Amino acid sequence: MATAQGSENSMERTTAGWGSGLLGVIIFSGSLPATRVAVADFSPMFLTAARAVIAAFLGAMFLLALRQTRPGRRDIFPLTLVAIGGVIGFPLLTAMALQHVTSAHSLVFIGLLPLATAIFGVLRGGEHPKPAFWLFSIMGAAAVAGFALYGSDRGTVAGDLLMIAAILVCGLAYAEGAVLSRRLGGWQVISWSLIMSLPVMGAIILFTLPATWSGIGLPAWIGLAYVSVFSMMLGFIFWYRGLALGGIAGVSQLQLLQPFFGFLLAAIFLGEPIAWSMIASTLIVIVCVAGAKRFV
């Protein structure tokens with residue numbers, strides 16, 4: 001009886017984790033397009049610092065309002081890795097890369113993020129997916145990369161190297177944050193990480209302030225608002241909770257759907273057409289995500 005109850009509770013946690021992770025992916029799907037719009041008027045350094053500072057103040061308000069205890073000594077190192085990879089590294093490197101490549105081309109590399117996260121989940125989270133999981137994970141990454149390559153231009157060496165670096169540091173940050181979320185909670189992890197980065201990000205803002213504010217258009221402000229509130233805070237709340245409950249390797253595969261959610265949002269709000277290749281690639285990715293979930 002106790003075994004059956006434990007199995008049911010485990011299934012409920014897994015389902016809740018995948019649902020929470022999916023919400024995080026949907027929120028993240030607008031990050032790269034919003035970043036590309038924002039860097040048209042803001043420098044990558046200022047954008048990276050500004051989004052982190054805005055989100056840090058939101059996180060501090062939550063922590064104070066709910067009277068959260070400070071992290072312990074053993075939490076400092078993983079929180080630092082989350083701050084370096086998720087708060088500073090990925091936003092800055094992608095913002096710099098998007099000055100050399102299009103957002104469509106960047107999706108080639110975003111398709112590799114689930115695989116990178118799963119690998120770090122094994123190295124840092126102690127997870128051991130079945131061999132079939134890796135097959136579905138690689139197939140899903142290939143489907144996303146193939147779709148992006150089919151519809152995008154060629155990148156530059158600088159842009160591609162920056163995107164590869166961004167994927168590596170982000171995968172590590174996701175894995176570290178997921179492990180830490182099991183002790184602290186998802187929104188607490190991102191909030192403390194943002195606060196830890198606040199002195200550095202605040203200093204960067206002072207040195208990268210725009211020379212004039214009059215030339216900054218409304219789209220850039222909207223892009224900054226999105227990546228600050230949604231990409232940097234709300235998305236991570238759902239994402240880290242999902243990774244902690246559903247497993248790093250398995251839930252990370254939901255990121256394979258992120259490019260297609262992005263194109264769907266563009267079709268809904270911007271009237272962009274949906275090509276047959278997108279539908280076909282999406283179906284392949286859904287099969288791969290389901291397969292990865294089955295063999296995680």
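# Close-up views of an all-helix model

**View 1. Helix α3, end to end.** Helix α3 runs over residues 44-65, and its 22 residues reach 32 Å from the first C-alpha to the last, close to the 32 Å expected at 1.5 Å a residue. Keep in mind that this is a predicted model. Just past the helix there's a backbone detail to look at: α3 is followed by R67, with a positive phi near 50°.

**View 2. R67, a positive phi outside glycine.** Here's R67 in the loop between α3 and α4. Its phi sits near 50°, which is a positive value in a residue other than glycine. Is R67 buried or exposed? R67 has a relative accessibility of 76%, and exposed means over 50%, so R67 counts as exposed.

**View 3. The whole chain, for context.** Zooming out for a moment, the protein chain has 13 helices and zero strands. Read along the sequence, the pattern is simply α-α-α-α-α-α-α-α-α-α-α-α-α. The chain has 296 residues, and 51% of them count as buried. Take the contacts between residues at least 6 apart in sequence: 91% of these join residues at least 24 apart. As for the surface, the chain exposes about 13,800 Å², with carbon and sulfur atoms supplying 72% of that.

**View 4. F28 against F236.** The structure holds 13 aromatic pairs, and this view picks out the one made by F28 and F236. The ring centres of F28 and F236 are 5.2 Å apart and the planes meet at 65°; edge-to-face takes an angle over 60 degrees, so that's what this pair is. The two partners come from distant parts of the chain: F28 belongs to helix α1 (residues 2-28) and F236 to helix α10 (residues 218-246), with their positions 208 residues apart. F28 has a relative accessible area of 6% and is buried. F236, at 5% relative accessibility, counts as buried too.

**View 5. Y174 joins in.** F236 also pairs with Y174: the ring centres are 6.1 Å apart and the planes are at 65°, so this pair is edge-to-face. Again the link is between distant parts of the chain, from Y174 in helix α8 (residues 157-184) to F236 in helix α10, 62 residues apart. Both Y174 and F236 are buried. Which residues make up the aromatic cluster with F28, Y174 and F236? W239 and Y240 complete the list, and the five form one cluster.

**View 6. The cavity.** A search of the whole structure turns up one cavity of 30 Å³ or more. The largest cavity has a volume of about 190 Å³. It's lined by 16 residues, and the closest to its centre are F28, S31, R51, F90 and Y174. Which elements give two or more residues to the lining? They are α2 (31-38), α4 (73-97), α8 and α10. Two of the names near the centre should ring a bell: F28 and Y174 are also members of the aromatic cluster.

**View 7. Q188, a tucked-in glutamine.** Q188 is found in helix α9, which spans residues 186-208. Its relative accessible area is 11%, and buried means under 20%, so Q188 counts as buried. What does Q188 touch, leaving aside its neighbours within four places in sequence? The residues in contact with Q188 are L63 and Q68.

Key: Residues are numbered from 1 along each chain as its sequence is written. This is a predicted model: local features need pLDDT of at least 70, side-chain atom pairs count only at pLDDT 80 or more; totals for chains, interfaces and linings use all residues. Side-chain values use heavy atoms; hydrogens and water are left out. Helices (H or I, at least four residues) and strands (E, at least two) are DSSP runs, numbered from the N terminus. Buried means under 20% relative accessible area, exposed over 50%, partly exposed in between (1.4 Å probe, protein chains only). Contact means heavy atoms within 4.5 Å. Rings of Phe, Tyr and Trp (its six-membered ring) pair if their centres lie within 6.5 Å; planes under 30 degrees apart count as stacked, over 60 as edge-to-face and the rest as tilted. The expected span of a helix is 1.5 Å times one less than its number of residues. Accessible areas come from the Shrake-Rupley method with a 1.4 Å probe; for residues, only the protein chains shown count as cover. On a 1 Å grid over the protein atoms alone, a cavity is a set of points where a 1.4 Å probe fits but cannot get out, and a pocket is an open set with protein on both sides within 12 Å along at least five of seven lines; lining residues have an atom within 4 Å of a point. Grid points are joined across faces, edges and corners, and a volume is the space filled by probe spheres set on the points.
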